[in-house]
Amino acid sequence: MPQARTEAVAGAVPNDLESFWIPFTPNRAFKKAPRLIARAKGMHYYTVEGRAVLDGTAGLWCCNAGHGRDEIVAAISRQAAELDYAPAFQFSHPKAFELASRLAALAPGELDHAFFCNSGSEAVDTALKIALAYHNVRGQASRVRLIGRERGYHGVGFGGISVGGIAPNRKYFGALLAGVDHLPHTYNREKQAFTKGEPEWGGHLADELDRLVALHDASTIAAVIVEPMAGSTGVLPPPKGYLERLRAICNKHGILLIFDEVITAFGRLGHAFAAERYGVEPDMITFAKGVTSGTVPMAGVMVKKGVYDAFMNGPENTIELFHGYTYSAHPLACAAALAALDVYREERLFERAKKLEPVWAEAAMALKGLPHVLDIRTIGLVAGIDLASRPDAVGGRAYEAMQKGFEQGIMMRITADTIALSPPLIVRESEISEIFDKLGRVIRGLG
Ligand SMILES: Cc1ncc(COP(=O)(O)O)c(C=O)c1O
């Protein structure tokens, strides 16, 4: 793997920062002190000034194979020359089928059909629409309610923010979807603080679904959607037994269970899908990010055979599902995904994440006792570190940590005052030490 190099990138600094409206970013603060990345290789980003920054976040939870992987770059480039685009409706191309079969083989149990889209948000809306349509085509059109969870993040589409449970993502955007309810979130600091892996306390919170069923009646509920590990809200691993109980309650009431694995799929928790880690088979799994190791936008929904089959009725020349995107199964994305899956398999990166989990957890927990640190949670190759909020400015302390970390050569992600870390799965033990040593120094220096 290449060593960190310092080398300015000529012409990389833009002369106008005004026109680009940067997503999920305080634009005015950013434009005063921009954090601009020019290139990346292996475990490192390089700023426009040529400074190396160790990637503690796999980009945005996506570059699981590390950066600038020659095999993936070559596959994308070959594909662009061979077939840039084929219509996604009524026509297709061979790699779409090849990828769907590969994913079906990788996914647990009967999750053997793939519907492709371009982002996690689209994958979530797709899964919710399939759930509603599934009940409809089976003659149960009264099943229209969707159940999400407090603190859940399911992207930014109207479906996703409706079932999601993060207030600022919802409160500006009107009445959202009707008929949505939420399970309680699973975090309790008093009972769970400084847990490695799945907390002992909290499995019983799945039984809240029974309460919602009693309130609304099962005949009105289409689906439940949860992240097996809630990532964006600040890393909340599922309590022991929680997902199993959700599955059992959904089975009892004919409710579809959707796992949103946009973050957890492709090795993050040591398995191809988190569903495998927990031995729980949902009816649909959304995926994105790691499927192409973040190189080309791609996402999708793995769908259980029985759900797919329910649509395959009626005359054969009629469209079974009125849904899809111009860029569903885009050839470049399919080529990138096939190459990324090869890298994952050849380098056994999912197993690598599993093997490194105890080392990672130990290194993260070493920050316990530092100033401001209220809790640390780890699971797979993920860590969440809660800092005490400043009384007058929630999020200010973690923002300062992110900025200082970037200056000191480490990329981290923040949500309010939680720092989230999730490195590429190629991370070495020495780099794990470097990540937490640097973070420790940053935390000690915070006001
Ligand atoms: C669980 C989950 N679902 C959906 C999304 C949305 O994905 P995207 O940003 O690709 O739309 C994310 C993004 O982080 C996510 O973590």
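This report walks through a ligand site, two loop residues, the cysteines and one helix residue in a predicted model.

## Around the ligand

Let's start with the ligand. Its surroundings are made up of S119, G120, S121, Y153, H154, G155, E227, S232, D260, V262, I263 and K289. Sort that shell by character and you get three nonpolar, six polar and three charged residues.

A few contacts are worth picking out. G120 uses its backbone: one of its N or O atoms there sits 2.8 Å from an oxygen atom of the ligand. With D260 it's the side chain, where an N or O atom is 2.7 Å from a nitrogen atom of the ligand. The side chain of K289 joins in too, with an N or O atom 3.1 Å from a ligand oxygen. As for cover, the ligand has 390 Å² of accessible area on its own, and the protein covers 84% of that.

## Two loop residues with positive phi

K289 turns up again here. Besides being one of the residues around the ligand, K289 has a positive phi of about 35°, even though it isn't a glycine. You'll find K289 in the loop that runs between β9 (284-287) and β10 (299-304). Is K289 buried or exposed? Neither, quite: its relative accessibility is 24%, so it counts as partly exposed, a class that lies between under 20% for buried and over 50% for exposed.

R348 is also a non-glycine residue with a positive phi, in this case near 45°. Its home is the loop between α13 (331-346) and α14 (349-365). R348 counts as exposed because its relative accessibility is 51%, and the cut-off for that label is over 50%.

## Cysteines without a disulfide

How many disulfides does a search of the whole structure find? Zero. Take C63, which is in no disulfide: the nearest cysteine sulfur belongs to C62 and is 4.0 Å away. Why doesn't that pair of sulfur atoms count as a disulfide? Because the two would have to be within 2.5 Å, and they are 4.0 Å apart.

C63 counts as buried, since its relative accessibility is 9%. C250 is buried as well, with a relative accessible area of 0%.

## N251 on helix α10

Right after C250 in the numbering comes N251, which has its place in helix α10 (residues 242-253). While C250 is buried at 0%, N251 counts as exposed because its relative accessibility is 52%.

How far is N251 from P237? In sequence the two are 14 residues apart, and in space their C-alpha atoms are 23 Å apart.

Methods: Predicted model: local features only at pLDDT ≥ 70, side-chain atom pairs only at ≥ 80, totals over all residues. Heavy atoms only, no water. Helix = DSSP H or I, 4+ residues; strand = E, 2+ residues; numbered from the N terminus. Buried < 20%, exposed > 50% of the residue type's maximum accessible area, 1.4 Å probe, protein only. Near = heavy atom within 4 Å. Polar contact = N/O pair within 3.5 Å; in protein donor to acceptor, adjacent residues only side chain to side chain. Areas by Shrake-Rupley, 256 points an atom, 1.4 Å probe, with all protein chains shown as cover. Nonpolar A, V, L, I, M, F, W, Y, C, P; charged D, E, K, R; others polar.
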